[in-house]
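Biologist: Here's the model I'd like to go over with you. Please take one part of the surface and look at it closely, then carry on to whatever else you'd point out to someone at the bench.

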Amino acid sequence: MNDASEPPDSSLPAPGLDRLSRRAFFRLAGAGAAAAGLAACSSRPARNILPYASQPPEVTPGVPLHYATALVEDGFATGVLVASHQGRPTKIEGNPDHPASLGATRARDQAAVLSLYDPQRARSITDRGAPAAWSAIEQLLAGARAHGGRGLHLVLEPTSSPLVIDLIERIRTALPAARLAFWAPFAPRAQLAGNRLALGRALQTQLDLRTADVVVALDADLVGDHPMALAYARQIADRRRVVDTSSPMSRLYMVESGYSPTGVIADHRLRVRPSEVERIARALLAAVIAQGGRGAPAELGAALARPAGEPREAALIAAMARDLTRAAGRCAVAAGDRQPPRVHAIAAAINAALGNLGRTVAFSEPAVFEAGQPSHDVAALADLVRAIDGGEVTALLVLGGNPAYAAPADLGLAAAIARAPASLYLGLYDNETARACRFVVPGLHDLEQWGAARGYDGTITPIQPLIEPLFGGRSVAAILHELLGDPPATDHARTQDAWARRLPGVDHAAALARGTVAGSALPAVAAEVAWSALAAAIAAPPAAAPALELAIAPHPFLHDGRHTNNPWLLELPEPATKLTWDNAAQLSPRTAAQLGVDTGDLLALTVGAAAAARTLDVPAVVVPGHADDAITLHAGFGRDGGERVARGIGADAFRLWTTAGGLSPAVTAARRAGHRELAITQVHWQLEDRPIALGGTLQQLRDDAALRDELARHRGPQPTLLDRFPAGFPTQHNQWAMSIDLTTCTGCSACVMACATENNTPVVGRGSVLNKREMHWLRIDRYLEGPSDDPVVVVQPMTCQHCENAPCEYVCPVEATTHSPDGLNEMTYNRCIGTRFCSNNCPYKVRRFNWFDYKHRDLHVLANNPDVTVRDRGVMEKCTYCVQRIRRAEIDARIADRPIGAHDVVTACQAACPAQAIAFGSITDPASSVSEQRRRPHSYAVLHDQGTAPRTRYLARIRNPGQLP
Amino acid sequence: MHSHANRLADSPMAALFPPWTNTATRVALILLAAAITAAIVTPIVYARMPFATGAGDPLLQPIPFDHRHHVRDDAIDCLYCHEDAERGPYAGVPAAERCMGCHSQIWNDSQLIAPLRASVATGEPIRWQRVHSLPDFVYFDHSIHVNKGIGCVSCHGRVDQMAAVYQVHRLSMSWCLDCHRDPTPHLRPRDQITSMTWTPASPAETAALADHYRPRSLTHCSTCHR
Amino acid sequence: MTAASELDELLPGRPDDAALSAQLLSTTSRPLTRGWKLAFAICAALTVMLFLLVALTVLRGIGMWGNNVPVAWGFGIINFVWWIGIGHAGTFISAILLLLEQHWRTSINRFTEGMTLFAVIQAGLFPLLHLGRPWFAYWLFPYPAEMDTWPQVRSALPWDAAAVSTYFTVSLMFWYLGLVPDFASLRDHAPTRRRRIAYGILALGWRGSVQQWRHHKVAYFLLAGFATPLVLSVHSVVSLDFAITGLPGWHSTIFPPFFVAGAILSGFAMVLVLILPARRVFGLQNVITPRHFDAMAKMVLITSWIVLYSYACELFVGWYSGDRYEMYQHLVNRPFGWYAWSFWLMLFCNCFVTQVFWSRRMRRSPIALFAVALLVNLGMWLERFEIIVVSLSRDFLPSAWHFFSPTWVDLGILTGTLGFFGLLFLGFLRLVPFVPVAELKQMRSELAHAPAAHASTPAEVEP
């Protein structure tokens, strides 16, 4: 028996539009016509038409407008373009002009629209939970202003906004006694500290991988978890695309404990525990110096102890050193922020020794204000706690973030904040920090506010609102202005004013239109490795690794827990484990066996000794390829605030975060009684020797005819009695097709989220996912090859293949799924009666069924795409190749009397993909990228032997491993 | 065999069933057959009746807007008010401001347009009744039809003769398909789109139009359903 | 054997018309026993539960069941195929055996026809119920829709709907036609006037005149001829629901005969399960005799061998095809996969226990018959589970594999249909003579007056 019969996503709340004023709703929904997309099939359409009282000239009902703005995280901006339907933002795409986006987005960027419409956002100013007036806040701030700000403490999120920095500097002068701290749990600190060790200054490392033939990532998830991940993913992918047998390909080494997206695409992956990375780094530096690294003192190399690692490790280090030295100046070594400063320093040293500085590696001033300074350290929070206990704090302003939850637990910050005499929290949710503070002021979502921020590379990115604040929130700037006692003004006016002062000569309007300020990236600063200082800094060998260590990692979608109330992200399968609606202790099969646990069994993790011991119960999840004797646990769960979706899901990893232990503490684990059924979307991970995810090495593709023939066998014509293209298809139409590159796909899942946001795919909740009823039209299959403890992972985006001989079509009794003349496998929801025969006959099992009524009930409906039908209970649904975008492009082209251009149709998944692994277009146009990719030697069709003639083809997964000495 | 039959024949059936029951039985059988037929035919017919399709039934609007007056007497072009018909999926109902363009000058104090003045003043939309409403899973796009030579009158009828606008056609899928299968006879010159009276002078003209627009017979599902 | 000796086996003691009428019509008038009431109450309760669960499913959605993707068909279709299969013995016995002049069919045919109807009613629930949007089920039938749309004839499902409804209609007519003379005798023997009128209406004015008998015979044989192909066609069409797909384990050309054989196997098993208690309760040892058991047991044995042969074919073809998916399905997944237990249990029930019927003693022992029949019914349900759930749970892409587990609603609906079936059956036993009196009398007179050793032909029956 299972709990499939439990109601769908019971976890989801349902305060409806009633909470929202009618007026506000009209403003949101725009012309009633747009509401058409909100209702479901076979339900009566809206009976009223609500025209504008005065229609903005740029608005044409039914035609979305796009605005450039930015989403900010830990102070770093990602430029995005937001589609708005009559003032209702519905879809986020990357801004191609923005260096940190290049047109792509992360999964959590895609999901931002749902957070915007989260009905559980803080809605009104409260004083200890009771409604309060703004005047109360004014009094508080006026009081804080007194005596030069003595006793005033502010905790802000790291910021790079010139406008906020302007205010901070004014506060520093006007209120010299005020104390400021900047806090975000996963803001990059180690890198700056490490560069201070190596270069003498806290500088930010700027990689340029466009020319890197060899990349060594030391626990650095460059394409997954990095403020610049989207750009790096593109740069790495561009160096690894296989066009023909003569294509060059860069080589990527990954040293890590968990299995990250970077690890997935790596050619060589060395699985070691976090604390062992430093040993590898030292050995690598030594080897590089030994092979004649420039400027590096030979004695340093000699000083660094050779690793006592096992043979494969030694061989890999030798291979890395060899490849790096060969590619000196055309390679890069990167360290991840979970690593201590010493590793970053060593990485900088290796880059210097290889002459990469100024080529693939540069250094700039930090993009974030005061980054690398004490105000950003844990110590700043410790000081705050001390100050509160010392009674020195008269007013505490926490503006954004959630420090009460996301900070070392032993600080007791939440309790301390609660003890502060007067405290104010400004934020989106009534979260842990809000509950600790006296006053709560609703904050603004990025899509609701004016402002600016810098990208990781320093590019200044203007931020503009897409919609009036839904719940009348206030911006950080507004609070700071109030604190400074500035005369009232609109955020817009203040923004323009500050912009004019901070960025003289930069046209605000032009910047808004483009989404960036051209040429505003931070200049590279000349920096030299101070070898003697470095040698001193890393003289002491790394501490011996504990028996078992824990890595508290940011969740790939929820980050530090700020997105945990977003059901889209909770239901998005975590790439390494395919786990949804939970976090779990990831460990290797061997470690699991030693602890006597299997996936789902409960583990008690304990950090710290006797009195200070902190214990957390989490279910285990076995991840082949994870380092032995190490556990990875994602943060962001175990939330305890007012967000009803997030509450009580998973375990709070931060409770094991101590100032002493840091984010990679020693841990002891013990089997606990009990088992938790985990909602994992994939139960079988082997390919069973089936022609599904094909691949080989670059060498094989070049020299091994066998591989090429094998691949050719999986795309050639198949004997069939049925109509086949072109016979069955009139060729005056376009013939749509897709090509997916398994070589560059990292499995980051941005495409899955993009698909869901574009196509109104519902959230089904944990209960339904447990019974394999998730709704994603596009899923990322994950297959393991080779040894079970250290397998090679192949990820494969799998969605409707739009077969030319579609098995689903002929079994439908009512022709609800049919073939269009332009080669689409159409799904007509309103004709479907739900026999599910099509799903049974689909060899790819990519069809999804509405087992219950999963439609949005609350404010979330506003995130729906009005160009896609919202499916009713009991109908089948699946990938349509974003047919709404195709038809739109068709209509525009027909009206303009021109053929559809090669780039007129971009599917949602394709647009989001940072690696540009997805190509879409018409195969009647031989110049289209799809046609070109289908001609490549490693293009093939999945289950070609079934004669379904899929329109979606794949490029085999090609790896470029080197010889191991 | 005989004995059996005879004994049954002697049984007191006459007492039990008087002769009229034979007729009754026959009638009952006929009625049964009729009922079964009716059960099948009625809904099929009903679905095509005006009160099922909503055709021919003028709705009470918040403002008694008279198209006869505006279109016929004042000769205001459809696109002056429904300007989005050329640009987007929805023809659109004019913003209150647009109406006020004229009505700030004429009839500006009429009680009839009080809701209009209110809308301009408060910014509250006027809640018009939707006359032509397609199901939500139908994606009809005005712009492609208007730009490819399908006139307003083809679907909306002689609006210029309507006091209160009503739906003229069934607006059912078969009705859409009638035209989608062969659009040619319905084509008209681009400059006659909004004309309520234009008809092709000759088959040759229609042929010329077909040659100009090159209409496609789009009958696959995703043409309208997405 | 001679007609006379056959008669002695089929109708020991050769009771005369009056005796037969008295004995067989009495079942409709004798006072209700406590056991019967209890059984009726239980069945009624289960029926209520069934319809509550059906309402729940329609109101909340198919999600109330355990189905998922990949296993998009679960208990719903299993139960459908199982009940339809059971429904086959009826027509087989009444029509085919009638045409084949098998006298032993006479005393059990109405019984089995009743069972057929009630089984088909259970089966008929599911094609409707398992739809995501049952209220649009009429789209399965060709009618002039104002959407200009038609059902798709390439799919098996519209044919399924047609086949099942035809089968039900024909079975109903056949059953009723056979009942008419007995309704007449009931009318004449019924104690109260109200009953006489009720049975009189049902008898449609039957007086037993020679002419009526002639028409009756002709119509009865015509219907039999019409029903005979249905026995084969219905389950063949049902089997196409699977055979037309490309799914390993479904994609097979032997399905139609395989399904028909299985259907008749389960049908006869169900007849035995029902008739043994009824015979005992109503004391019909003299009309339902070991000779009948013997014949039915032989049918079970034969069909179980056909089924075994079909399993063997599936396995062999799975291997012989060389297709890696077929091989995995038949040689790995079914015998050794997640649901291996159901595979072996199915083989045991459908093919091994039936072998006891090689022994004459077993063929005539009510206990053995009852036990084996029960096991066969279980086995045939498992066969459908094997085909539907096990095949779907692991098809082409390993990433999509997933197990199926039923919900309490699934189990409730299955038991509910058993209760509903029982309810209808108990009503049937009570309200109509479930042993065809008139036909039995005919048979007796035919065999008694048969001139030669061979059985008489219909023509000679005429007076």
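Modeller: Let's start on chain B, with helix α3 (residues 20-46), which gives the largest share of a nonpolar patch: seven residues. Keep in mind as we go that this is a predicted model. The patch is on the surface and is made up of B:L29, B:L32, B:I36, B:I40, B:V41, B:V45, B:Y46, B:M49 and B:F51. Together these residues have about 890 Å² of accessible area. If you want one residue to click on, try B:I36, a patch member that lies in helix α3 of chain B.

Now let's leave chain B and go to where chain C meets chain A. Here 60 residues of chain C are in contact with 62 residues of chain A. About 5100 Å² is buried between the two chains, and carbon and sulfur atoms give 55% of that. On the chain C side, C:V69, C:R133 and C:L397 lose the most area to chain A, together 15% of what that side buries.

What about charge pairs and polar contacts? The count between chain C and chain A is two salt bridges. One to zoom in on is A:K845 with C:D395, where the closest N and O atoms are 2.9 Å apart. There are also 38 residue pairs in polar contact across this interface, counting pairs with both residues at pLDDT 80 or more.

As for which elements of chain C are involved, α3 (34-60), α7 (156-189), α12 (324-336) and α16 (408-431) each give two or more residues to the side that touches chain A. Of these, α3(C) gives the most, with four residues. By residue type, that side of chain C divides into 36 nonpolar, 17 polar and seven charged.

C:V69 deserves a second look. Besides being among the chain C residues that lose the most area to chain A, C:V69 is joined to C:P70 by a cis peptide bond, with omega about 25°. C:P70 itself lies in the loop between α3 and α4 (75-86) of chain C.

Over on chain A, there's a backbone oddity to check too: A:A949 isn't a glycine, yet its phi is positive, about 50°. You'll find A:A949 in the loop between β37 (939-940) and β38 (952-955) of chain A. Why flag spots like these two? Because most residues other than glycine have a negative phi, and most peptide bonds are trans.

Conventions. Residues are numbered from 1 along each chain as its sequence is written. Chains are lettered from A and ligands numbered from 1 in the order in which they are written. This is a predicted model: local features need pLDDT of at least 70, side-chain atom pairs count only at pLDDT 80 or more; totals for chains, interfaces and linings use all residues. Side-chain values use heavy atoms; hydrogens and water are left out. Patches are made of residues with over 30% relative accessible area and no salt bridge: like charges are joined within 9 Å, nonpolar side chains (Val, Leu, Ile, Met, Phe, Trp, Tyr) within 5 Å. Accessible areas come from the Shrake-Rupley method with a 1.4 Å probe; for residues, only the protein chains shown count as cover. A salt bridge is a side-chain nitrogen of Lys or Arg within 4 Å of a carboxyl oxygen of Asp or Glu. Contact means heavy atoms within 4.5 Å. Buried area is the accessible area (1.4 Å probe) that two parts lose on being put together, summed over both. A polar contact is a pair of N or O atoms within 3.5 Å; within protein, one must be able to donate a hydrogen and the other to accept it, and residues adjacent in sequence count only if both atoms are side-chain atoms. Ala, Val, Leu, Ile, Met, Phe, Trp, Tyr, Cys and Pro count as nonpolar, Asp, Glu, Lys and Arg as charged, and the others, Gly among them, as polar.
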